[in-house]
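Hello,

Here is the structure I said I would pass on. My notes on it follow below.

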There are 2 protein chains.
Amino acid sequence: MAVTSADVARRAGVSQATVSYVLNSTPGQAISERTRTRVRKAADDLGYQPNSAARGLRRGRTDAVVCPLPGLTLIPTLANLVETCAGALEREGLFLVPDFTPRDGASAQVKAWRRLAPAAVLDLLLPSDDPALEELRRAGVPVLSGNLPGQLGWESAGDVYARSERVTQLEYLAARGHRHVLALLPPRLGVDIRVERRSLAAMRRTARDAGIELRVQRMAFEPGYPRRAVQEWIRNGEMPEAIAAYNDEYAIAVISALSAEGVVVPDDVALMGLDDIPLGRTFTPALTTITVDFTVFAESIAQAVKARADGSTDTSSLPLPTHSVVIRESA
Amino acid sequence: MAVTSADVARRAGVSQATVSYVLNSTPGQAISERTRTRVRKAADDLGYQPNSAARGLRRGRTDAVVCPLPGLTLIPTLANLVETCAGALEREGLFLVPDFTPRDGASAQVKAWRRLAPAAVLDLLLPSDDPALEELRRAGVPVLSGNLPGQLGWESAGDVYARSERVTQLEYLAARGHRHVLALLPPRLGVDIRVERRSLAAMRRTARDAGIELRVQRMAFEPGYPRRAVQEWIRNGEMPEAIAAYNDEYAIAVISALSAEGVVVPDDVALMGLDDIPLGRTFTPALTTITVDFTVFAESIAQAVKARADGSTDTSSLPLPTHSVVIRESA
DNA sequence: GAAGATCACTTATACGAATCAGTCCTGAAT
DNA sequence: ATTCAGGACTGATTCGTATAAGTGATCTTC
């Protein structure tokens, strides 16, 4: 039914091996340009698609790149990252397999991943010392981790990146003339406590450099919490001048609570989000926030994955995702 | 390196063929229970994982179930559906491969999917007459579509399901004593115009039966639109008693606009969302909305996919996802 | 002008699981 | 006593690709 490389070979009048050499541009093979074009033409005419199962069997490794995204609501930013990575990997001849299966049975997952024999595992979120990842590394699967210092060629990208976003937030608020800023964070920022500490240190440094006073408050993203926080600020006369919210959802939750207490954003309090979710644009007041561009980043990830899948151990430096402030109404 | 079925065979003292028969419970093979347990034990001891590339090559079909989710921010509801399906398929020995690659080059996608030779394609969102899906069907890949009448064993599930959610919304609002309800919908509900018409008809019927007056208004989910809509209601003295929003994001956008104009939810207007996103719980006022349970539904989908992948053409009836009203503050 | 070296390919084999087509029993039926 | 029917397996082959190991040519080089 399906077209095989043998069919292409027959049509081009060469051997199946030659077809393989040509279509994979195998180095060290002397094949004339005439033959090459003939083969490519034949493959094209027949609409030849290499069978990835056969290739995987032969190579001992599939073209799949597994990306664990456990129990995850793909927030737009992340969806964007995943999508961009998928596109970039495709250009490298690999394809991204996001894995949404819940992560309780870690070893079950390891089994599934080993069956697939993926070219690599791309971990964007998991803590770098996750046992499943460790096990895969031991099994010889290349695991690229965004949270592992030194991996992917940069110091703990997720860490550095998140930190710089928060710094940008503070800088924007400072530039708008706000002297007292409240950073509203979840009870625990990220998984690794060292990451959190570095992030806070960076924020404090930024505040000092910009000459603003920074207050940090923890708030669980649970029903009632934003409202209670706002009421407390009012009661204690501690209403901040500006708020740097953990993300757009925090921002919206807090704005709604403020509004319920009669506090107006941005007139009484400036409020800045982070992530640029669609709702932030349509919300009233429209959210001033930070948006991310993953294109260059994803391209680099794809190349790093490809290199590692091909056996390279090189960890040359990669660019971080770039972000920029989106100025709207809330700050 | 990896354990093969031959290794298992050696350990169990049988032939490789026997191992295959036992582990796949191939019907029509006479193999004693003693041997079966011996083989299974050996496989277990060695931690044998069948190589899916080899299996795919031989069978001409992988265990992958491709699920196109193009250009998509996975809203929690959908993420939940995907995750539940992934789990259910895994139990059937299949695994879900969500495909996030942008859908502009439809034929590029078809190529990629054909290379993978998936057991089936599970389409939860695409219009049923999508050319890529058509092409795959012609290529002999089983395509299960949630939007195709008669497919998956029920009449256009997405259609029926969305309709019944909207009906529930109206019924709840009516039960709360609201006589004038405004349904706020996007400019075009869904892709298929017939689907839309049926949905509207169902809503009108429900309104009539419940003895309430239903107004339908279109609103683009774009910056400024909610605010302008609200201002118009005020200007024309048309403030609705209750609003049935298209989803939770619409609901939040509208509440924020109302609030900016001094209209209080739920005191002045009752407002109901749909989807139960996390932000809806933390928002002030907390959103009254509709939540969905996909477990039974996903299980059935998994079984249908499995059956179709195994060549069955049966389209017995499947249950719809079940939904229920979550009563909070907004209505 | 014989011994390489280089070019342009082809032949043959291996990857790991599934499956068709046997083989060798044991026991019942003719 | 011979045939036959399962029962309980095994051997050999197959899927489509990648690649190591050739095979003839033609071209250098001393």
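The axes of α1(B) and α2(B) cross at roughly 100 degrees and come within 8 Å of each other. The two helices are therefore roughly perpendicular. On the α1(B) side the contact is made by B:Ser5, B:Ala6, B:Val8, B:Ala9 and B:Ala12, and on the α2(B) side by B:Gln16, B:Thr18, B:Val19 and B:Ser20. By class, that contact has five nonpolar residues, four polar and no charged. Please keep in mind that this is a predicted model.

Both of these helices also turn up at the DNA. In chain B, α1 (5-12), α2 (16-23) and α4 (52-59) each supply at least two residues of the surface near DNA strand C, and in chain A α2 (16-23) and α4 (52-59) do so. The largest share, five residues, comes from α4(B). There are 28 residues around the strand, and those that come nearest are A:Ser15, A:Ala17, B:Thr4, B:Ser5 and B:Ala17. B:Ser5 is thus named twice, since it is also one of the α1(B) residues in contact with α2(B). The surface near DNA strand C is made up of twelve nonpolar, twelve polar and four charged residues.

Next, the two protein chains. A turn of 180 degrees and a shift of 0.1 Å along the axis lay chain B on chain A with an RMSD of 0.2 Å. This is the relation of a two-fold axis. In the interface, 51 residues of chain B are in contact with 51 residues of chain A. On the chain B side, two or more residues come from each of α4, α5 (76-91), β2 (95-99), α6 (106-116), α10 (225-235), α11 (248-260) and α12 (278-282). That side divides into 28 nonpolar, 14 polar and nine charged residues. The copies meet through the same surface, because 98% of the interface residues of chain B are also interface residues in chain A.

Last, a helix pair within chain A. Helix α5 (residues 76-91) and helix α13 (residues 295-309) of chain A have axes 8 Å apart and pack at an angle of about 45 degrees. That makes α5(A) oblique to α13(A), and their crossing is right-handed. From α5(A) the contact takes A:Leu81, A:Thr84, A:Cys85, A:Ala88, A:Leu89 and A:Arg91, and from α13(A) A:Thr295, A:Ala298, A:Glu299, A:Ile301, A:Ala302 and A:Val305. Eight of the residues in this contact are nonpolar, two are polar and two are charged.

Regards

Terms used: Residues numbered from 1 in each chain as written. Chains lettered and ligands numbered in written order. Predicted model: local features only at pLDDT ≥ 70, side-chain atom pairs only at ≥ 80, totals over all residues. Near = placed C-beta within 6 Å. Helix = DSSP H or I, 4+ residues; strand = E, 2+ residues; numbered from the N terminus. Nonpolar A, V, L, I, M, F, W, Y, C, P; charged D, E, K, R; others polar. Least-squares fit on C-alpha atoms with pLDDT ≥ 70 in both. Contact = placed C-beta atoms within 7 Å. Axes fitted to C-alpha atoms, helices over the stretch in contact; angles between N-to-C directions. Parallel < 35°, antiparallel > 145°, perpendicular 65-115°, else oblique. Left-handed = near helix turned anticlockwise from the far one by under 90°.
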